[in-house]
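Work through the exercises below with the sequence and the model at hand. Each task is followed by its solution.

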Amino acid sequence: MYATSAIVGFLVIYSAARQKSHLARYFFFAALCAFLYIFGYASELGAHSLEEIRFWLKFEYFGLSFISSFWFLLSWKLWYSRNPRFRMMVLVFVIPAITLFLVSTQEFQGLFYRSLRFSDIDGHHLAIIEKGPWYWVQLVYQSAFVIMSIMLQWLSWRRRGGVFKSSGFWMFVSTLSLLPWIVIYQLRKSHNGIDLAPFGIALGIFFIAIAVLRYGTLSSEEVFLYSIFAGIDDGVVILDRDGRISDFNAAAQKIFPWLNSSSIGMPISDPADASLFNFDAPLKMEKVVELAGNKRYYQGRFTLIYEGRSVLGRVYFFRDITDSRRLTNRLRKLANFDALTSLYNRRRFMERAEKVLANAQRAQKNIALLMIDVDHFKNVNDRFGHAVGDRVLAAVGRIIRRRCKQKGFAGRYGGEEFVVLLRGAQREQAMDIGEGIRRSIEGIAIEKRMIPVRVTVSIGVSSCTEKEGAYDLDELLMSADRALYLAKNKGRNRVEG
């Protein structure tokens, strides 16, 4: 037992030297507690009086009370890659602290041990203990935390690929190896009732030594890299060469909700996302996710993982590009649309009109164009101000867009002038649509200090047909402009063509 405590002492010193690792701090305290417990138990077995046994029992519990607490915290950080909150730390340590107090004041109460007597068995001086009620509280607490540690370490090992030759596997085995010894002792199957927990810890220490010395469990580089992997905002999914999931981070779970601990070692289970992870997928892909009622856009890319010349798998990165996408859309809108009326600006209208005319000419379809001008708009600005003028133009734009959206599209041509291109419309149909626009605008009123501001429009119509064969935008605009001039000369608030 002293040799075992010496080995544990070496691990205590080793972990103290690796304090830069985020796991080493918890491992240091867990190993220190194990050292105190094993050394104290070895000294208890070598004691020659009841007083010595009492002393070493108290010494043991400075370690035994807290071993499972620190081991659970180590397992927690191994899985979650973050420290638990202060409130949780208090809950973890409150029962061990009470246990240590009760053992230290055993002479004054019998909550932990009801009685303690001295016995000589096979040349060993053993303490025969009658257990008190708090002993069972501490036992349940320790067992629960050992089981939770086993679960967390198993999940951590599986998330990292479930590889047997890895530090995670040996850490998991070291914790798992504690249970049989605890069960055998509590079932009173041990020889002469000797507590076997120190032997279980000694075996666990052997497995931990493999994890530490062979695979560098407490290596700060490994831990730092995994902390970065777990904490970055980009979603990361790692597949092995057979397309099975080796690992993923928390950000990836937000993008792909079907990812969970049971996904490790399995192929992509969601049919909708399987194409993103195919080996013949494009180098860049996109994923749209609905989060809290808002669409989030993610751009994905992957890189191959090599060992020498062999491909081990792929790492997929998914970056949130929602803000840049929205900015791009806004810039595109600013470049193509009039900010006041939300209609096409002049440049965009001309570009699209040219394309529509070219298609109409190939298909020999009718095209019509409306030129719309707000009558006496300067008087509106001069009398009511530009703010009211802007409201008038916005209202006119809404009416034009609503009236022509089934047959064509509209743009703000400049100032108070608007243009509408109608697909497949003959002159008579265009005149009817223009008349509907005129009547709708004539019926609106914008209020300014309880005074209704009413406007009218004059509209010129031009068209080209298969027979005419003149699919020229400039010609259509000039023809519509002449018709508009005629409408104004005839008294305004009318449609001419």
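**Exercise 1.** Locate Arg492 and classify its exposure.

Solution. Arg492 sits in the loop between H17 and E14; helices (H or I, at least four residues) and strands (E, at least two) are DSSP runs, numbered from the N terminus. Its relative accessibility is 31%, so Arg492 counts as partly exposed (buried is under 20% relative accessible area, exposed over 50%, partly exposed in between; 1.4 Å probe, protein chains only). Arg492 is not a glycine, yet its phi is positive, about 65°. Asn493 lies in the loop between H17 and E14 and has a positive phi of about 55°, although it is not a glycine.

The model is predicted: local features need pLDDT of at least 70, side-chain atom pairs count only at pLDDT 80 or more, and totals for chains, interfaces and linings use all residues. Residues are numbered from 1 along each chain as its sequence is written, and side-chain values use heavy atoms, with hydrogens and water left out.

**Exercise 2.** Give the strand order of the open sheet and identify its edges.

Solution. The 5 strands are ordered E9-E10-E8-E13-E14, with mixed pairing; two strands pair if DSSP finds at least two bridges between them. E9 (408-414) and E14 (495-496) each have a single partner strand, so one side of each is left without a neighbour in the sheet. E13 (residues 457-464) and E14 run parallel, joined by 2 bridges. Ile459 has Val495 in E14 as its bridge partner.
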